[in-house]
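Subject: The structure you asked about

Hi there,

Here is the structure I promised to pass along. Please open it next to this email and read the two together.

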Amino acid sequence: MTMSAGWYLRRLSRMGPQEVAGRLGDTVRRRRWRSAPPACPSVTGARFTAVLPAGTIGAVPSDAAKRLVAEADRLMDGHAEFFGVVRDDLADPDWWRDPKTGRRAPSGYAFDVPYRSEDAVGDIKQIWEPSRHQYLTQLAAAYAITGDERYAERVAEHLRSWWAANPPLQGVHWISGIELGIRLLSWVWVRRLLDGWPGAAGLFEDNPVAVNQIWHHQRWLAAFPSRGSSANNHVIAETAGQLAAACAFDWFPASARWRDDALRSLDRHLRGNTYGSGLNRELATEYHGLVLELGLAALAEADAAGVPVPATLRLVLLRMTDALAAVVDNRLRPPRQGDADDGHGLILDGVGTDRWGSLLATGDAVFGRLDWWPEVTGTDVRTPLLTALVKPTQPSLTRPASRPAHFADAGLTILRGPGEIWCRCDGGPHGFLSIAAHAHADALSVEVRHDGVDVLADPGTYCYHGQPEWRRYFRSTLGHNTLRLDGDDQSVSGGPFLWTRQARSRVLVADTSDEQGARWCAEHDGYRPSVHRRRVELTAGSRELRVVDEVRGPHRSVQVAFHLGPAITADLVGNRAVLTWTRDGEDRSATLDLPGELSWRAHRGETDPPLGWYSAGFGRKEPATTLVGTGVADGVGDFTTVLRFHG
């Protein structure tokens, strides 16, 4: 995918004067660095002191350690999976090759590489992901736990290979700040986890190549911060990585300045990226997890270095943790709202470790759990290692006395019913900042689960670059459990990470405390002059969820979509669908009575155009049933859908 002149004009229109000026300065600096790149100062006597406290490794639960070591052994054999692509070449990786397309990114000055063009580069996510070096933190953690030097030697081999193949400012890995920030955080943890290995100092502080790489990563991040309309999760990753490196690798004349600037920026942007309720402003749940992981990792580095941390930074992380505990379902799964690209801040665990349970376990260790928090039964490696570095503090914040269900600033409401019924209702802002990069056109959508199983599912994200028809589908209005008028999206897209007109929603009713059930009502203006209003009622006694759609305004064609989870089998006859699935060996069922005013069809795995798909993770998709009703909204009646759970 290459960007047209029209895209650049639309993108420019979403920037303010200060951002435009900053980006012009960046352009001038890039041109200057092409002919006169900055040079790393001479470093002597560098030492690494940010080690784990004695006894920390012994606190790792044995089952979590076994999962990690099993993963490390797969990596040692060269096996890994990134975004649905299984690889067997990780014993000796080509750092610039995309295994999905077979293309290899071109060499040359980093800022000349056309990374958005799949024809020229391949799938950039496939190239970038291994070079975050989070698989190396897994190998290093396996060394720390087992003492087996094979893991340490493989880490050293790969780092030396990467440094040789990617000299400063050359090639595809010097383009995006989020990549540099996460990579720095990985290097800090690799050095920490290899501390008992005799070759650790020779790999890092006594290695001029490593010192040069670390300095250039930090100099790059200081020079090219994400700005203005792009100051979302990217700037959190940049500042977290910069702070971690400036604390742990404090070997340079600029280290103190980089550290202080990064800490101020991280504090400011964490507050800017987070609602007062604790939910991430991008309204994309996986980015809530990414930002929380990065924030906790940065906090640990500052505390380990004895750097005073603003109270506001800790309070934001505390609110984010409580918000996560509030919105997960009974299986600790959070909403599937907005974009998701499987991004992690710090990986120290093997496959089978629950990401969200791990985050809550870390939050418990750092802040303390509240009585209403869900129970976390799983174990992980990261929590004991990370929290060993965090300074215990008492939060000066009144935390929720009971489990929050309505987050007014984010427009997110969770309705809960018997039999572990969980329903997310979306009546919030379209997205964050002027471009709302990771938003979907999903106003008034619902997401319903029964005992953790997706019944009415948010289909997910699947891809970012290279497949525009799939990117459009998974972020479209038709790609969500909501209503579409005249075949248009509620918000207008100007590109794969750009919205030029955003629907405005407002919640009218959010009553989650009634003993008879819960009620929610909201409306949006994305189809002005028409208004779409939706009411959702969850009746406690009857295990019944009722969704009522109302369209006020001129006669218009209407479509209502309900996307079923991949585990759901649907038998549609007329306007009634019988839904069946299995959970833990038990047969479950429900009946979905759809509006009789519409003509209903079931779609599954269609490609022209895409319809009937579910993406469990980035780069992966599978057929799933989507029920679509088509008709006319005449401004007189309502469209009522009733979902009844049996047994």
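Below is what I found, going from the whole chain down to single residues.

Please keep in mind that this is a predicted model.

**The chain as a whole**

The protein chain is built from 17 helices and 25 strands. Its radius of gyration is 25 Å, and a compact globule of 647 residues would come out near 26 Å, so the chain agrees with that expectation. Along the principal axes, the C-alpha atoms fill a box of roughly 80 × 55 × 45 Å.

How much of the chain counts as buried? The share is 59% of the 647 residues. As for contacts between residues at least 6 apart in sequence, 71% of them join residues at least 24 apart.

On the outside, the protein chain exposes about 23,800 Å², with carbon and sulfur atoms supplying 49% of that area. There are 73 positive and 78 negative charges, and their mean positions lie 6 Å apart.

**Aromatic residues**

The structure holds 25 aromatic pairs. One of them joins Phe-48 and Phe-249 in a tilted arrangement, with 6.0 Å from centre to centre and 50 degrees between the planes. This pair links distant parts of the chain, since its members are 201 residues apart. Phe-48 sits in the loop between helix H2 (17-35) and helix H3 (62-76), while Phe-249 sits in the loop between helix H11 (233-248) and helix H12 (255-272). Both Phe-48 and Phe-249 are buried.

Tyr-473 and Phe-474 make an edge-to-face pair, 5.1 Å centre to centre and with 70 degrees between the planes. Are these two buried or exposed? Tyr-473 counts as buried because its relative accessibility is 5%, and Phe-474 counts as buried because its value is 1%; the cut-off for buried is under 20%.

Phe-48 and Phe-249 also belong to one aromatic cluster, whose other members include Trp-162, Trp-163, Trp-187 and Phe-204. Trp-215, Trp-251, Phe-252 and Trp-258 are in that cluster too.

**A proline to look at**

Where does Pro-496 lie? You will find Pro-496 in the loop between strand E9 (492-495) and strand E10 (498-501). With a relative accessible area of 11%, Pro-496 is buried. Its C-alpha atom is separated by 7.5 Å from that of Arg-472, a residue 24 positions away along the chain.

Happy browsing, and write back whenever you like.

Best wishes

Note on methods: Residues numbered from 1 in each chain as written. Predicted model: local features only at pLDDT ≥ 70, side-chain atom pairs only at ≥ 80, totals over all residues. Heavy atoms only, no water. Helix = DSSP H or I, 4+ residues; strand = E, 2+ residues; numbered from the N terminus. Buried < 20%, exposed > 50% of the residue type's maximum accessible area, 1.4 Å probe, protein only. Rg over C-alpha atoms; globule rule 2.2 N^0.38 Å. Contact = heavy atoms within 4.5 Å. Areas by Shrake-Rupley, 256 points an atom, 1.4 Å probe, with all protein chains shown as cover. Lys, Arg positive; Asp, Glu negative; His and termini not counted. Charge placed at Lys NZ, Arg CZ, Asp CG, Glu CD. Phe/Tyr/Trp six-rings, centres within 6.5 Å; stacked < 30°, edge-to-face > 60°.
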